[in-house]
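Visitor: I would like a close look at one part of this protein. Could you take me through its aromatic rings, step by step?

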Amino acid sequence: LGHDFVPKYEIVDMGNPLVAIIEPTADPQSVDLVFKITGTGHGTTVFKIHWQGPRNQDTCPVKVIVSG
């Protein structure tokens, strides 16, 4: 079942909003965790998403480079 694999999550580091912003999924219990990332300027930033599943937990860094 999907709920056995989909972790609960929290964006614990929103990165630099002058480079990009991240928006969470509309439904945090969704089977797919989809984030909308919008570039706001040039540069590099890192978002950190902490997830916790039934047996594991971790923090996942997501590096975003915006150029134009």
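Guide: Happy to; here is the aromatic pairing, with its setting in the chain.

This is a predicted model, in which local features need pLDDT of at least 70 and side-chain atom pairs count only at pLDDT 80 or more, while totals for chains, interfaces and linings use all residues. Residues are numbered from 1 along each chain as its sequence is written, and side-chain values use heavy atoms, with hydrogens and water left out.

Let us start with the setting. The protein chain has five strands and zero helices; strands (E, at least two residues) and helices (H or I, at least four) are DSSP runs, numbered from the N terminus. Of its 68 residues, 21% count as buried, where buried means under 20% relative accessible area, exposed over 50% and partly exposed in between, with a 1.4 Å probe and protein chains only.

Now the rings. Rings of Phe, Tyr and Trp (its six-membered ring) pair if their centres lie within 6.5 Å; planes under 30 degrees apart count as stacked, over 60 as edge-to-face and the rest as tilted. By this rule there is one aromatic pair. Its partners are Tyr9 and Phe35, placed edge-to-face, with 5.4 Å from centre to centre and 80 degrees between the planes. The pair links distant parts of the chain, 26 residues apart: Tyr9 belongs to strand β1 (residues 8-13), and Phe35 to the loop between β2 (20-23) and β3 (36-39).

How covered are the two partners? Tyr9 is buried because its relative accessible area is 17%, whereas Phe35 has 23% and so counts as partly exposed.
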